Amino acid sequence: MKQHIIQFTRFILLLLVVNGCNEDLGNYDYDYDKAPELIIDTIGHRADLLVAWNIGDTIRISLNVTYPGREQYLVYRWFLIDYPYSTVTEGNAQVWPAPDTISRERDLFYVVDLKPGRWVTVCFMAKDTVNNVTGFYTYSYKNIPELGARNGLYCLQEKDGRVDIDVIGSSRALVFSNYHEVDYYSSLHPNEPLTGAPRVFNYSSAGGYFYIFTDDVGLRVNPSSMTIMERWEEMFYRVPDAYAPSAVVGLNNCDFLVNDGKLHVHYIQTGSARKFSIPVPGNYSLSPYLATQTIASWGAVAGAINAYQVVHDKNASAFRPFFNKGTSLGQFAESDPDAVFDVNNIEGEIVYINTVNSGETMIITRRDDGYHMNVACFYNVIDNGILARSTRPLTGCTGIENASCFASGLAGPALFYGTGNSVYSYSYTTGQTVSRLLWQGDAGDEVTALSLLNTGGFPTSGRILWIAVWNEAAKAGRLVEFEINPVSGEAEALYAPMFSGIPDNPVYHEGLGKILFMTQKI
């Protein structure tokens with residue numbers, strides 16, 4: 001991939017500073033018409049090394065620098081900037097922080113020695129100090145894992161009569177190293193393994209820890225060596241009467257938990273003792289759904305809803321907002337008579353809900369006349385009574401009535417669902433009327449879980465689909481890994497081969513148990 005200039009506007013001032021910090025070799029009569037083009041690219045190199053870094057890793061990268069006839073004039077610099085890159089206060093002024101230079105050689109040789117948990121962007125600069133021609137290459141941000149932590153896909157599974165967590169990395173995903181940690185949890189807790197059927201498993205990017213809920217235990221776990229931080233009874237100011245967790249999500253610097261149909265909130269920004277509140281009062285019963293995007297961080301619409309969370313109340317069959325420090329659930333405005341459906345009165349039984357396609361909400365329902373898909377939007381919009389966007393029957397979606405699991409994400413409108421030994425996709429923006437068969441396993445295979453790579457500033461953002469497969473007769477599980485197009489839902493090996501050099505689609509990971517839940521730490 002070629003990149004001649006930095007693409008993020010907020011880098012421009014930094015790059016001017018960096019550019020000015022290199023020694024000028026003298027005064028020259030520059031002839032820009034004769035200066036060749038300075039080209040930097042990664043063709044033929046492992047660009048995944050630019051994405052997945054762990055403390056102690058030795059990073060060796062050699063980019064292609066093409067500058068015919070004048071390479072002897074070039075000086076080089078590899079440097080890091082914080083992600084997101086923003087001004088800091090020095091005295092009474094707001095200034096752009098200086099970058100961290102890690103090499104002044106063309107080829108990078110660097111042993112990762114950064115603060116755990118830091119997010120950085122890697123940049124490379126080549127400058128002709130005679131003709132004042134400069135080229136930059138910048139790559140997507142990366143998170144430096146905490147000491148003892150692994151970035152990857154965490155798989156909660158039943159295996160050999162027990163419950164455990166495997167962690168899998170994938171070069172195709174680019175944001176992970178390539179590895180497979182077998183029995184990761186039990187290896188760190190040999191005297192206290194997980195027990196009970198899995199219920200909920202998720203990583204909170206807001207708090208930076210995992211929630212593991214089985215029939216027997218509820219745990220909040222630090223990614224560093226999977227250290228148990230709190231048990232169920234320790235997570236609350238007042239322990240609920242019932243243990244019935246059904247959903248947990250980190251959003252807007254809060255952790256939200258649905259337990260026994262009630263909403264609990266942990267306000268991380270208050271510096272509290274990591275305690276969930278008492279249930280938000282009210283006569284409601286929530287579906288196992290929590291929104292993953294509600295407030296715009298840029299391009300915000302004046303007067304937008306800006307709820308801290310959006311939930312679905314089964315009692316009223318309605319979506320309801322929850323606002324910061326709220327003492328009750330809110331209510332959306334009465335739907336306009338011209339709205340394609342009523343978000344305050346969803347028809348049919350809820351089968352699946354998720355936040356998709358840059359903030360829209362996908363709702364799959366079962367009615368007397370079959371399955372339907374509704375699409376609404378509660379993100380960065382004004383509540384004018386027309387929050388519903390579209391509705392359509394899913395009569396062309398093969399086997400959806402027997403679907404065992406679903407996946408979708410913020411990167412696009414595609415829905416993926418597993419039924420029997422097959423996975424199908426359907427997109428509500430492409431005009432298709434029937435589902436596409438994406439993958440089909442062997443006789444006896446059963447699709448047990450699906451997961452899409454989270455979105456972010458990297459090429460495969462939202463484009464990697466993991467399919468968990470279990471064969472009861474063989475007592476064997478595996479993970480099928482696809483690169484997909486998140487808009488059309490089709491298999492599309494585009495960026496993964498370009499950056500990782502792995503052309504196959506799909507890739508198989510063997511030696512797993514019956515995976516029931518997957519979550520990611522990036």
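Accessible areas are computed by the Shrake-Rupley method with a 1.4 Å probe. On that basis, the accessible surface of this chain comes to about 22,300 Å², and carbon and sulfur atoms hold 49% of that surface.

**Figure 1. Overview of the chain, shown as a predicted model.** The chain has 522 residues, and 53% of them count as buried. Its secondary structure comes to 3 helices and 36 strands. Among the contacts with a separation of 6 or more, 59% are between residues 24 or more positions apart. The views that follow show strands, salt bridges, two cysteines and a loop residue.

**Figure 2. Strand β4 and its two partners, β9 and β7.** Is strand β4, residues 74-82, mostly covered or mostly open? The strand is mostly covered, as 7 of its 9 residues are buried. Strand β9 (residues 119-128) runs antiparallel to β4, and 9 bridges join the two. In this pairing, Y76 stands opposite A126 of β9. Strand β7 (residues 100-103) is also antiparallel to β4, joined to it by 3 bridges. Here F79 stands opposite T101 of β7. In general, the strands of a sheet pair through backbone hydrogen bonds, in either a parallel or an antiparallel way.

**Figure 3. An open sheet of 4 strands.** The strands follow the order β32-β33-β34-β35, with antiparallel pairing. Which strands form the edges? They are β32 (445-452) and β35 (507-512), each of which pairs on one side only. From one strand to the next, the twist averages 20°. At one end of the order, strand β34 (residues 476-483) pairs with β35 in the antiparallel sense over 4 bridges. One residue pair to look for is L479 with its bridge partner H509, which is in β35.

**Figure 4. The salt bridge between E181 and R150.** A search of the whole structure finds 23 salt bridges, and this pair is one of the salt bridges in the model. The closest N and O atoms of E181 and R150 are 2.7 Å apart. Where do the two residues lie? E181 is in strand β14 (residues 180-181), while R150 is in the loop between β11 (142-143) and β12 (152-159). The pair thus links distant parts of the chain, 31 residues apart. E181 has a relative accessible area of 26%, so this residue counts as partly exposed.

**Figure 5. The salt bridge between K159 and D183.** The side chains of these two residues meet with an N to O distance of 3.3 Å. K159 lies in strand β12 and D183 in the loop between β14 and α2 (184-188), so the pair ties together parts of the chain that are 24 residues apart in sequence. Are these residues buried or exposed? K159 and D183 are both buried.

**Figure 6. The salt bridge between R231 and E192, with a network for comparison.** The side chains of R231 and E192 meet at 2.7 Å, N to O. R231 belongs to strand β18 (residues 227-231) and E192 to the loop between α2 and β15 (198-204), so this salt bridge ties together parts that are 39 residues apart in sequence. R231 is partly exposed, with a relative accessible area of 33%. E192 is also partly exposed, at 35%. Elsewhere, salt bridges that share partners join K159, R162, D164, D166 and D183 into one network.

**Figure 7. Two buried cysteines, C155 and C254.** In general, a disulfide is a covalent bond between the sulfur atoms of two cysteines. How many disulfides does the structure hold? The number is 0. C155 has a relative accessible area of 0%, so this cysteine is buried. The relative accessible area of C254 is 0% as well, and C254 is likewise buried.

**Figure 8. The loop residue E347.** E347 sits in the loop between β23 (318-322) and β24 (349-356). Why does E347 count as exposed? Its relative accessibility is 51%, and a residue counts as exposed when its value is over 50%. Apart from neighbours within four places in sequence, E347 is in contact with T365 and R367. E347 and T365 are 18 residues apart in sequence, and their C-alpha atoms are 7.6 Å apart in space.

Note on methods:
Residues numbered from 1 in each chain as written. Predicted model: local features only at pLDDT ≥ 70, side-chain atom pairs only at ≥ 80, totals over all residues. Heavy atoms only, no water. Buried < 20%, exposed > 50% of the residue type's maximum accessible area, 1.4 Å probe, protein only. Contact = heavy atoms within 4.5 Å. Pairing = 2+ DSSP bridges. Axes fitted to C-alpha atoms, helices over the stretch in contact; angles between N-to-C directions. Salt bridge = Lys/Arg side-chain N within 4 Å of Asp/Glu carboxyl O. Disulfide = S-S within 2.5 Å.
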